[in-house]
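Thanks, everyone, for making the time this morning. Please have the sequence and the structure open side by side while I talk.

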Amino acid sequence: MSTTFKGLKSFIVVALAALCAAPAAALDLTNVAFVQTATGNTSIPVGHAEFCNSRPAECQANANPVLAVTLDDARWSQLLEINAYYNDTIVAVSDNDLYGVEEFWTYPNGYGDCEDFVLAKRRALIEAGWPASALLMSVVREPNGDGHAVLIVRTDRGDLVLDNQDGLIRVWNETPYQFVKRQDQAHAGRWVDMIDNRTMAVATTASH
């Protein structure tokens, strides 16, 4: 494991220390390390709806959805490697510059915007054996109000965020974003609203 990966691992070990002591059998999804969601489905982002229309096989119900993946050393290494690989090899470019449209979600071919990073990381993790139900495309809002997309990886240590704007993998509530909505764990083509009560804290932090 490289020095960079060791540093990242040290960061998250400290951030998740309280949860590490709890056995997997005692997993509590109401813990603050997990983003809570509203009941029922919400609107699907336009870009993802179009993506699903062209790739319906990737937007189906998840058979026997896994609520959270056990985060062992091997899986942690996979997260680090895949996150770093795509952050390092994809050049961030807007859909307007690439395709001449406001929103176009697709797999990147060397270039892409935030949603494309998320799609690539999600696919790579699925190919590595991760359950799709624990890999959730998510829409967030930056402190300046701009929309952004990240990948939430639901583990027994909390909801971890893979972000093309940050090389560190952080627990969701250690990021500067307001969490808006994400894919439904039971169905890859449906979305749910996220309940983020940290809005004032995020705004206050961003103003300093």
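I will go through the sheet, then the helices and the core, and end with one histidine.

Please keep in mind throughout that this is a predicted model. The sheet is an open one of seven strands, paired antiparallel in the order 1-9-8-4-5-6-7, and its edges are strand 1 (36–37) and strand 7 (166–171), each of which pairs on one side only. Within that sheet, strand 8 (residues 178–184) and strand 9 (residues 187–195) run antiparallel and are joined by four bridges, and if you look along strand 9 you will find valine 192 standing opposite arginine 182.

Turning to the helices, helix 4 (residues 73–89) lies across strand 5 (147–155), strand 6 (158–163) and strand 7, and runs at about 145° to strand 7. Helix 6 (residues 114–127) lies across strand 4 (135–141), strand 5, strand 6, strand 8 and strand 9, running at about 20° to strand 5.

Now to the largest nonpolar core, which has 45 residues, with Leu79, Leu125, Trp130, Val153 and Phe179 having the most contacts inside it. Helix 6 supplies the largest share of this core, namely seven residues. Leucine 125, for its part, touches residues including Leu79, Trp130 and Val153, leaving aside those up to four places away in sequence.

Finally, is histidine 48, in helix 3 (residues 46–54), buried or exposed? Histidine 48 counts as buried, because its relative accessibility is 1%, and the cut-off for buried is under 20%. Beyond four places away in sequence, the residues that histidine 48 touches include Cys59, Trp105, Met137 and Trp191.

Technical notes:
Residues numbered from 1 in each chain as written. Predicted model: local features only at pLDDT ≥ 70, side-chain atom pairs only at ≥ 80, totals over all residues. Heavy atoms only, no water. Buried < 20%, exposed > 50% of the residue type's maximum accessible area, 1.4 Å probe, protein only. Contact = heavy atoms within 4.5 Å. Pairing = 2+ DSSP bridges. Helix = DSSP H or I, 4+ residues; strand = E, 2+ residues; numbered from the N terminus. Axes fitted to C-alpha atoms, helices over the stretch in contact; angles between N-to-C directions. Core = buried A, V, L, I, M, F, W, Y, C linked by side-chain atoms within 4.5 Å.
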